[in-house]
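Biologist: I have this model open next to my notes and would like to go through it with you. Could you take my questions as they come?

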Amino acid sequence: MVVQAYILIQTDVGKAAEVAAAISQVNGVTLAEDVTGPYDVIVRAEARNVDELGKLVVSKVQSLDGITRTLTCPVVHI
């Protein structure tokens, strides 16, 4: 089973493209796009379980320079 999530990211001013490029290199990230709107980068990530997804977000994504805030939205299949 694979757990997927979208991670909405706010960045420092002018850092969206740099952050998206850095995040796209992280293992488990399948898509990273800089966008306009209330968030600056949208990331799609996947992991084997929820615990690994949480570790990915906290240790690999939130630790990158230029990120000021994240919101993780798990994909739920009902």
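Biologist: Which are the buried residues of α1?

Modeller: They are Ala16, Val19, Ala20 and Ile23, where buried means under 20% relative accessible area, exposed means over 50% and partly exposed lies in between, with a 1.4 Å probe and protein chains only. Before going further, I should say that this is a predicted model, in which local features need pLDDT of at least 70 and side-chain atom pairs count only at pLDDT 80 or more, while totals for chains, interfaces and linings use all residues. Residues are numbered from 1 along each chain as its sequence is written, and side-chain values use heavy atoms, with hydrogens and water left out.

Biologist: How do the buried residues of α1 fall when seen down its axis?

Modeller: They fall within an arc of 100 degrees, so they line one face of the helix; the arc is that of the directions from the helix axis to the C-beta atoms. What covers these residues includes β1, β2, β3, α2 and β4, and contact here means heavy atoms within 4.5 Å. As for the names, helices (H or I, at least four residues) and strands (E, at least two) are DSSP runs numbered from the N terminus.

Biologist: OK, now the sheet. What is the order of its strands?

Modeller: The order is β2-β3-β1-β4, in an open sheet of four strands with antiparallel pairing, and two strands pair if DSSP finds at least two bridges between them. The edge strands, each pairing on one side only, are β2 (29-34) and β4 (67-74). On average, neighbouring strands of this sheet are turned by 20 degrees against each other, direction ignored; axes are lines fitted to C-alpha atoms, for helices over the stretch in contact, and angles run from 0 to 180 degrees between N-to-C directions.

Biologist: How many bridges join β1 to β4?

Modeller: Seven bridges join strand β1, residues 3-11, to β4, and Ile9 has Thr70 as its bridge partner in β4. β1 and β3 also pair over seven bridges in the antiparallel sense, with Leu8 partnered by Ile42 in β3.

Biologist: And what about β2 and β3, what do they form?

Modeller: They form a hairpin with six residues between them, and Gly37 in the turn has a positive phi of about 130 degrees. Five bridges join the two strands; Glu33 stands opposite Ile42, and the bridge partner of Asp34 in β3 is Val41.

Biologist: Which side chains of β3 point to the buried face?

Modeller: Val41, Val43, Ala45 and Ala47 point to one face and are buried, whereas Ile42, Arg44 and Glu46 point to the other and are not. In a regular strand the side chains alternate between the two faces of the sheet.

Biologist: Switching to the helices, where do they lie relative to the strands?

Modeller: Helix α1 (residues 16-23) lies across β1, β2, β3 (41-47) and β4, and runs at about 170 degrees to β2. Helix α2 (residues 50-61) lies across β1, β3 and β4, and runs at about 20 degrees to β1.

Biologist: Which residues of α2 are buried, and which are exposed on its other side?

Modeller: Leu53, Leu56, Val57 and Val61 are buried. Seen down the axis of α2, its buried residues fall within an arc of 90 degrees, so they line one face of the helix, and they pack against β1, α1, β3 and β4. On the other side, Asp51, Lys55 and Val58 are exposed.

Biologist: What does the side chain of Asn49 reach at the start of α2?

Modeller: A side-chain oxygen of Asn49 reaches to within 3.1 Å of the backbone nitrogen of Asp51.

Biologist: A last topic, single residues: is Thr11 buried or exposed?

Modeller: Thr11, which sits in strand β1, is buried, with a relative accessible area of 11%. Leaving aside neighbours within four places in sequence, its contacts include Ala16, Val19, Asp40 and Ile67.

Biologist: And Gln25, buried or exposed?

Modeller: Gln25 is exposed, with a relative accessible area of 67%, and it lies in the loop between α1 and β2. Lys60, in helix α2, is partly exposed at 46%, and it touches Val26 and Lys55 when residues up to four places away in sequence are not counted.

How values were computed: A polar contact is a pair of N or O atoms within 3.5 Å; within protein, one must be able to donate a hydrogen and the other to accept it, and residues adjacent in sequence count only if both atoms are side-chain atoms.
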